[in-house]
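User: I am new to this structure and would be grateful for a close look at a single part of it. Please choose one helix and explain how it is placed among its surroundings.

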Amino acid sequence: MTFTKRCRPLFIAGILLLLGACATTAYVGDRYAPTTAIEVFYSAKDVKREYKVIGHISEKSPGLNGDEWAKKQIIAKGQEVGADAVIILGFDYAGSDETEKYQKAKAVKYTD
């Protein structure tokens with residue numbers, strides 16, 4: 001067995017650990033069966049169905065195209081926790097120097 005073949009599993013494990021460490025999507029709330037389709041709203045008044053808020057999602061919005069990336073992560077987290085829709089609330093800043101921008105959202109479940 002060559003050195004490369006022996007080290008491949010360690011290399012793959014290292015990459016997976018790094019990717020897991022980069023995950024910044026935070027969620028607080030209830031969880032339901034995962035959903036495959038999810039609606040995205042930018043204002044609560046645009047939701048025309050009865051719903052309840054099941055949780056809150058926050059995603060770091062880093063660098064160039066970070067806002068779009070954060071939106072995709074929020075949608076994925078919404079699907080994972082069983083939301084029918086997410087309502088994007090906008091941005092918030094964190095940290096002592098307020099340089100880290102986070103996109104915030106509500107995860108909602110339809111009640112009608």
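Analyst: What follows is an account of helix α2 and the residues around it. The model is a predicted one.

Helix α2 covers residues 66–80. Its length can be checked by a simple calculation: at 1.5 Å a residue, the 15 residues of α2 should span 21 Å, and because the end C-alpha atoms are 21 Å apart, the two values agree.

The next matter is which residues of the helix are hidden. In α2, the buried residues are Gly66, Ala70, Ile74, Ile75, Lys77 and Gly78. A general point helps in reading such a list: an α-helix has 3.6 residues a turn, so residues three or four places apart point the same way.

Ile74 shows what the buried residues meet. Leaving out residues up to four places away in sequence, Ile74 touches Ile57, Glu59, Val86, Ile88, Gln103 and Ala105. Ile74 also belongs to the largest nonpolar core, which has 12 residues in all. The other members of that core are Tyr27, Ile38, Ile54, Ile57, Ile75, Val81, Ala83, Val86, Ile88, Ala105 and Ala107. Two or more residues of this core come from each of β3, α2, β4 (85–94) and β5 (100–110). A second core of six residues is separate from it and includes Phe41, Ile87, Val108 and Tyr110. In general, nonpolar side chains tend to be buried together in soluble globular proteins.

Lys77 is another residue of helix α2. Its relative accessibility is 13%, and because buried means under 20%, Lys77 counts as buried. Apart from neighbours within four places in sequence, Lys77 is in contact with Thr25, Tyr27 and Ile57. Of these, Tyr27 and Ile57 are members of the largest nonpolar core.

Strand β3 (residues 51–60) also holds Ser58. Ser58 likewise counts as buried, at 13% relative accessibility. Beyond its neighbours within four places in sequence, Ser58 is in contact with Thr24, Thr25, Ala26, Tyr102, Gln103 and Lys104. Thr25 is thus a contact of Ser58 and also of Lys77, while Gln103 is a contact of Ser58 and is touched by Ile74.

The helix ends in another setting. Glu80, in α2, is partly exposed, with a relative accessible area of 43%. Setting aside neighbours within four places in sequence, Glu80 is in contact with Arg31, Tyr32 and Pro34. Glu80 and Pro34 are 46 residues apart in sequence, yet their C-alpha atoms are 4.8 Å apart in space. Just after α2, Gly82 takes a positive phi of about 85°.

Methods. Residues are numbered from 1 along each chain as its sequence is written. This is a predicted model: local features need pLDDT of at least 70, side-chain atom pairs count only at pLDDT 80 or more; totals for chains, interfaces and linings use all residues. Side-chain values use heavy atoms; hydrogens and water are left out. Helices (H or I, at least four residues) and strands (E, at least two) are DSSP runs, numbered from the N terminus. Buried means under 20% relative accessible area, exposed over 50%, partly exposed in between (1.4 Å probe, protein chains only). Contact means heavy atoms within 4.5 Å. A nonpolar core is a set of buried Ala, Val, Leu, Ile, Met, Phe, Trp, Tyr and Cys residues joined through side-chain atoms within 4.5 Å. The expected span of a helix is 1.5 Å times one less than its number of residues.
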